[in-house]
Amino acid sequence: MVCEREIDPNDYLCKDCLTSIRGPIMAPVEVLNIDSAHSYWKYESPMKELIRAYKFGDRPGVARLFAKIVFEMIDVFAPSTDVIVPVPTSLQAFIRRGFDTNLRILRHLARTIDIKIDNVLSISGKTVPQSTLKMQDRIDNVRDKFFLRKKPRSTSVILFDDVVTSGATASQCARVLREGGVKEITLLAIASAKK
């Protein structure tokens, strides 16, 4: 999928590409309203192509691989936290893809470990895909777009997003969670483009 080599239909990457994203780097990321934030890898090749194939290339099965990555991160950064909140997918993206990218990953994760998915966040109104915007436009695009559908079930949660670029989306989600009574938020992401 990334290097154009032939691979088994059950695989997503060849062995060389998969080895190149083993690590993990689990880099800390600074995000407003978040107590600690970590990404598994940088948003660069081959992870970038893998994420894009998952989100835009009709490869929903990649969620199983990403669930394993999230499991590794929870084990390192939030082993005592048992509630995870997905950053919501917009209605437009859901219709275009046919699934909620973050929720699908977490459902695979929940089959592996005892963790509660608290799908409390929602997004209102139309948004432009963040991947098409410059930094300030990303911040403006998500300002006041998120809301709670119900009260969070814990005061300590993991917030999960597949990719952190500017941090604007995660920051706005965290602000809303804090308004709902959450005191401690750990952000975990598959990849980060944020410096």
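How much accessible surface does the chain have, and what share of it belongs to carbon and sulfur atoms? The total comes to about 10000 Å², and 50% of that belongs to carbon and sulfur atoms. Keep in mind that this is a predicted model.

**Figure 1. The whole chain, with its seven helices and eight strands.**
Start here to get your bearings. The chain has 195 residues, and 51% of them count as buried. Now take the contacts between residues with a separation of 6 or more: 73% of them are accounted for by residues 24 or more positions apart. A search of the whole structure also turns up five salt bridges, and three of the views below show salt bridges one by one.

**Figure 2. Inside the largest nonpolar core, a set of 29 residues.**
M47, F66, I74, I84 and L109 have the most contacts inside this core. Two or more residues each come from strand 2, helix 2 (47-56), helix 3 (63-77), helix 5 (101-110), strand 7 (156-164) and strand 8. Helix 3 is the top contributor, giving eight residues. Try picking out L109: leaving aside residues up to four places away in sequence, L109 touches A67, V70, F71, I74, I84 and I115. There is also a second, separate core of 23 residues, with V31, V87, I123 and A174 among them. In soluble globular proteins, nonpolar side chains tend to be buried together.

**Figure 3. Strand 2 beside strand 8, paired in the parallel sense.**
Strand 2 covers residues 36-42, and five of its seven residues are buried, so you can call the strand mostly covered. Its pairing with strand 8 (residues 184-192) runs over six bridges. To find one of them, look for S36, whose bridge partner in strand 8 is T186.

**Figure 4. A nonpolar patch at the surface, made by L91, F94 and I95.**
Not every nonpolar side chain here is tucked away: L91 is exposed, with a relative accessible area of 58%. Together with F94 and I95, L91 makes a patch of about 330 Å². You'll find L91 in helix 4, which spans residues 91-97.

**Figure 5. The salt bridge between D162 and K55.**
Side chains of opposite charge can pair when their charged atoms come close. For D162 and K55, the closest N and O atoms are 3.2 Å apart. D162 sits in strand 7 and K55 in helix 2, so this pair ties together parts that are 107 residues apart in sequence. Are the two partners buried or exposed? D162 is buried, at 2% relative accessibility, and K55 is buried too, with a relative accessible area of 17%.

**Figure 6. The salt bridge between R153 and D118.**
Here the N to O distance is 3.8 Å. R153 is in the loop between strand 6 (146-148) and strand 7, while D118 is in the loop between strand 4 (116-117) and strand 5 (121-123). The two residues are 35 apart, so this is another link between distant parts of the chain. R153 is partly exposed, with a relative accessible area of 49%, whereas D118 counts as buried at 1%.

**Figure 7. The salt bridge between E179 and R175, both in helix 7.**
The side chains meet with an N to O distance of 2.8 Å. Helix 7 spans residues 168-179, and because E179 and R175 are four residues apart in that helix, about one helical turn separates them. E179 is exposed, with a relative accessible area of 60%, and R175 is partly exposed, at 23%.

Conventions:
Residues numbered from 1 in each chain as written. Predicted model: local features only at pLDDT ≥ 70, side-chain atom pairs only at ≥ 80, totals over all residues. Heavy atoms only, no water. Patch = residues over 30% accessible without salt bridge, like charges linked within 9 Å, V, L, I, M, F, W, Y side chains within 5 Å. Areas by Shrake-Rupley, 256 points an atom, 1.4 Å probe, with all protein chains shown as cover. Salt bridge = Lys/Arg side-chain N within 4 Å of Asp/Glu carboxyl O. Buried < 20%, exposed > 50% of the residue type's maximum accessible area, 1.4 Å probe, protein only. Pairing = 2+ DSSP bridges. Core = buried A, V, L, I, M, F, W, Y, C linked by side-chain atoms within 4.5 Å. Contact = heavy atoms within 4.5 Å.
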